[in-house]
Amino acid sequence: MSRAIDNLATPVEKKKTKVIVASCSRTGTLGLYFAMKILGYKPYHMYEVVLVQGKQGMVALREAATAQHNRLSGIKRFDKADLDKLTADYDCLIEIPSFLGPALLDEYTQDPEVKFILTERDPDRWVKSVNGTVGFIVKAAASFPLNILKYFDEELGIFLALNITLYAVIADGTKPGQPGNEAALRRNYVEYIKAVKNTVPKERLLVVKLEDGLGWEQICPFLDVPIPEEKYPRGNDVDNFKAMAEGYFKERTRAAMLRLGTLLVPTLGVSGYLAWKYLGKLA
């Protein structure tokens, strides 16, 4: 099966990977994304996948996660060369490796100059945070009006499909609120953290527990860089995440409604126009 990554042009050159933040989402990774930019790195994070690469990056990442966790998908698994192709312009990877498993991390450990950071938090708090963020998107995707509008804006549909796939991976296919959901999330999180610690050489791995604090004092000495005068970026709490998601939804649903309106109005006349306006009020 042809993959999106195979259709991308081979980059002229690849930035050398310097740092990998192997952390799962919801463990201070957005704050680390902005912090690494302040320190002069070019980090690759879901922020870049969605808001910079857009459809291209989201489709490739969804295929990679599907291939990694579904052996019957018919999609060839990503290896380091594939991820390097997708991240050619970046020298730091943040949270993306957690979707693809520790085997891929092991390939990066072969370069003795790559440093690794792993942030972790109380597993039960992590489960609650995931269900309040990615779980929020999964539930919204199945609810009106996104369950209709996603068919009228390609990027919106791809964004929702990506989040559904990534959530299914960490929740063993369960949905928020279903029996066994929280247990599956917790188990997969604990097992992943253990796998990272067993994969990455201890002398090149910085482990930071969020409950102990995450800031310049923790990461700069490890990276051998000076502490900047700028304040460490604030993390992405649940309320901020929902605000960001709703802002993205607003932009994409507007595009979807414009597309829907062009189809409804000529076909259904006044009824179509009223339906379009109704969707607009609810979106």
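E95 sits in the loop between β3 and α5 (96–100), and its backbone deserves a look in this predicted model. The phi of E95 is positive, about 65 degrees, although the residue is not a glycine. With a relative accessible area of 3%, E95 falls under the 20% cut-off and therefore counts as buried. R26 also has a positive phi without being a glycine, in this case near 70 degrees. You will find R26 in the loop between β1 and α1, and at 10% relative accessibility R26 counts as buried. One further backbone detail is the peptide bond from F144 to P145, which is cis, with omega near 10 degrees. P145 belongs to the loop between α7 (123–141) and α8 (146–149).

Now let's turn to the sheet. Five strands build an open sheet in which the pairing is parallel, and the order across it is β2-β3-β1-β4-β5. The edges are taken by β2 (43–44) and β5 (205–209); each has a single partner strand, so one side of each lacks a neighbour in the sheet.

Strand β1 (residues 19–21) is a good place to start following the pairings. Strand β1 runs parallel to β3 (residues 92–94), and 3 bridges join the two. Strand β1 is also joined to β4 by 3 bridges, again with the strands running parallel. I20 lets you trace both pairings: I20 stands opposite L93 in β3, and opposite F116 in β4. From F116 you can step on to β5, where the bridge partner of F116 is L205. That step belongs to the parallel pairing of β4 and β5, which extends over 5 bridges.

How enclosed is β4 by the rest of the structure? Of the 6 residues of β4, 5 are buried, so the strand is largely enclosed by what surrounds it. V114 can be found in the loop between α6 and β4, and V114 is buried too, with a relative accessible area of 2%. V114 and L205 are 91 residues apart in sequence, while their C-alpha atoms are 9.6 Å apart in space. Another pair to display is S2 and G74, which are 72 residues apart in sequence and 9.6 Å apart from C-alpha to C-alpha. S2 lies in the segment before β1, and at 53% relative accessibility S2 counts as exposed, because the cut-off for that label is over 50%.

Next come the charged side chains. A search of the whole structure finds 12 salt bridges. In one of them K16 pairs with D111, and the closest N and O atoms are 2.5 Å apart. K16 lies in the segment before β1 and D111 in the loop between α6 (102–109) and β4 (115–120), so this pair ties together parts that are 95 residues apart in sequence. Both partners are partly exposed: K16 has a relative accessibility of 39%, and D111 has a relative accessible area of 24%.

The salt bridge between K80 and D84 has a local setting in helix α4 (residues 80–86), where the two residues are 4 apart and so separated by about one helical turn. Here the closest N and O atoms are 2.8 Å apart. K80 counts as partly exposed at 27% relative accessibility, whereas D84 is buried, with a relative accessible area of 14%.

R252 and E251 make another salt bridge, with 3.8 Å between the closest N and O atoms. R252 counts as buried at 13% relative accessibility, while E251 is partly exposed with a relative accessible area of 46%. Salt bridges that share partners join E251 and R252 with D153 and E155 into one network.

Finally, which lysines gather in a patch of positive charge on the surface? They are K15, K18, K37 and K42. Of these, K37 has its place in helix α1 (residues 29–38) and is partly exposed, with a relative accessible area of 43%.

Methods:
Residues are numbered from 1 along each chain as its sequence is written. This is a predicted model: local features need pLDDT of at least 70, side-chain atom pairs count only at pLDDT 80 or more; totals for chains, interfaces and linings use all residues. Side-chain values use heavy atoms; hydrogens and water are left out. Patches are made of residues with over 30% relative accessible area and no salt bridge: like charges are joined within 9 Å, nonpolar side chains (Val, Leu, Ile, Met, Phe, Trp, Tyr) within 5 Å. Accessible areas come from the Shrake-Rupley method with a 1.4 Å probe; for residues, only the protein chains shown count as cover. A salt bridge is a side-chain nitrogen of Lys or Arg within 4 Å of a carboxyl oxygen of Asp or Glu. Lys and Arg count as positive and Asp and Glu as negative; His and the chain ends are not counted. The place of a charge is taken as NZ of Lys, CZ of Arg, CG of Asp or CD of Glu. Buried means under 20% relative accessible area, exposed over 50%, partly exposed in between (1.4 Å probe, protein chains only). Two strands pair if DSSP finds at least two bridges between them.
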